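Dear colleague,

I am passing on the structure below, together with some notes on what turned up when I went through it. Please read the notes with the coordinates open beside you.

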Protein chains: 2
Amino acid sequence: MGLRELKRERTRRLIADKAFELFCHRGFGRTTVEQIAAAAEVGPSTLYRYFPTKETLVLEFVEDCLMGAVVWFRGQPPVDLPDGLQAVIEHVLEELERNPDRVRAVYEMADQTPSVSAHLQELIWRFREELTEELVRRLSGPDPQLVEFTAALSAGSAMNIIETVVRMWVENPDGVEVKELARRAMSLLRGGGLPAPGDNAGHGL
Amino acid sequence: MGLRELKRERTRRLIADKAFELFCHRGFGRTTVEQIAAAAEVGPSTLYRYFPTKETLVLEFVEDCLMGAVVWFRGQPPVDLPDGLQAVIEHVLEELERNPDRVRAVYEMADQTPSVSAHLQELIWRFREELTEELVRRLSGPDPQLVEFTAALSAGSAMNIIETVVRMWVENPDGVEVKELARRAMSLLRGGGLPAPGDNAGHGL
DNA sequence: TCGATTTTGATAGTGACTACCATATGACTG
DNA sequence: CAGTCATATGGTAGTCACTATCAAAATCGA
C-alpha cells in the first residue's frame, strides 16, 4: 500500500537479518539488543516495537513456517483426517527444507540457550493449538468433548512427527532424508502412533 | 544424613512454598524475587543458588512429577512398548492428580505469563527426551536409526496424551474425569494415534 | 576445640524490557 | 502547495531478573 507499510516491512526485515547475522557470529548470549539496534541503525525502542523479545528475533522464520502451514490448511478443501494431517506435515517440512541453514542455526541456538529452547517449544505448542482449532472446526460429531479430544490428539501427533523428523534431520544433516523419514512417520501415523501389532511390535522393553 | 542436607532441603522447600504463595496471591508478574527472598527470610543470592530462574519456582512440582515418572519407569521390569507407555502415562497422571490445585495454579500462570508457558513447554519436551532415552535403552532392533525414531515417536505420543488429558482436565475441572479420558487416550494410542479405520474414522474434514 | 569446607548475604554490575515524551515523517485535506 | 493529523522514531530514565565476587558465618571432621 502506502510508503509507510513498505518501510515498516523493510526495517523489520533489516532488524531480523542483522540480528540473525550477529547471533550466528557471536552467539545469542554474547549479542546485546543494543548491538543489534546499532547494526540495523535504529534505536532500541524501535526494535522493541517490532519484536517484543530477543527470542522472537531468532524464531520468526520457524513461526512463519508453522503458522503459515495452518493458514494454508485453512484454505484447503475438506479431506479425510489422516490425509489432512499428512498434508500439513508435508507442507511444514517443505517450508523448513527451503532454508536448511536457518533451521540448523535455530536448533543450535536452542541447544545452547535455554530461553531460546523454551520459546521454541512454546511456539511448537502454539502450532498445535492453532491446528487443533482448525481440526475442531472441520470435524463433526455428536460429542463435542470427544471432537475436541480427537482434534487435540491428532494435532499433537502431527506436531510430534514434525518435531521428531526435524530433530533427527538437524542432528544428522547428511545421513537423513527428510522425505524418507516423513514417509515412515506417515505410515506410523496411519497405522497408529506405535508400531502396529503385525508390524514391528513385540519389541521387548 | 548430616544437618547440612537437612537444612538445605528445608530452606529449599521454604523458598518454593513462599514463592508459590506470593505468586497465587499477587500474580507471577507482580511478585519480585526480592519479595520472595524476604518472605523466606533469605538473601536473594541464596535464592538463586537453589533456583536458577524465577520460573523454576513455579514448575518444580510438575518437573518432579514428570521426571519422577521416568526414574520410576527406569526401575520397572521389561514390558511391551504399549504397556510401558500406558504405565508411564498413568503414573504421571496419578502424581499430578495428587495436587489438583497446584496443577491448576501452574496452568493458570502459564496462560497469563508467556515466559512461564515457555518454560512449561520446554519441561514437557525434556520429559519426552528423557523418556526417549529410556525407550532406546530398552528397545532392540537391527537399525539403530529406526530404534531412535520409534522411541522418539512413542515418547512423543505419551507426552501428547498427557498434555491433552491434563489440559482438558484443567480447563474443565468438574466435567472431566482424568481416568476416563486417560482410558480413551490409551485405546487411541493402542489402536493408533488417530481414530482407527473401523472405529470413528471417516470424519469429514 | 581447631581447622577445613560449605553455606550465606551483601555489594556492585550487566542487560532485557517498559513507560514516557519530544520530534520527525509520511498521509490526507483545503 | 500549505496545513493538519496520525503514526513512527529516538532518547531518557527506570525496574527487575540475573551474575560475579568476596567476606563472614555455620557445619563438619578430627
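A disulfide is taken here as a pair of cysteine sulfur atoms within 2.5 Å, and by this rule the count over all chains of this predicted model comes to 0. The sulfur of B:Cys24 has its closest cysteine sulfur in B:Cys65, and because the two are 16 Å apart, they are too far from each other for a bond. B:Cys65 is accordingly in no disulfide. As to their surroundings, B:Cys24 counts as partly exposed, at 48% relative accessibility, whereas B:Cys65 counts as buried, at 4%.

The other findings concern DNA strand D, which is surrounded by 20 residues, the closest being A:Thr46, A:Arg49, B:Leu3, B:Arg4 and B:Lys54. By type, the residues of this surface divide into 8 charged, 7 polar and 5 nonpolar. Of the strand's atoms within 4 Å of the protein, 56% belong to sugar or phosphate, and the rest belong to bases.

Contacts to both parts of the strand can be picked out. A polar side-chain atom of A:Arg49 lies 2.7 Å from a base oxygen of DNA strand D, and one of A:Arg4 lies 3.2 Å from a base nitrogen, while a polar backbone atom of B:Lys54 is 2.8 Å from a phosphate oxygen. The elements that give two or more residues to this surface are α1 (3–26) and α3 (44–50) of chain A, together with α1 (3–26) and α4 (54–74) of chain B; α3(A) gives the most, with 4 residues.

With best wishes

Technical notes
Residues numbered from 1 in each chain as written. Chains lettered and ligands numbered in written order. Predicted model: local features only at pLDDT ≥ 70, side-chain atom pairs only at ≥ 80, totals over all residues. Heavy atoms only, no water. Near = heavy atom within 4 Å. Polar contact = N/O pair within 3.5 Å; in protein donor to acceptor, adjacent residues only side chain to side chain. Nonpolar A, V, L, I, M, F, W, Y, C, P; charged D, E, K, R; others polar. Buried < 20%, exposed > 50% of the residue type's maximum accessible area, 1.4 Å probe, protein only.
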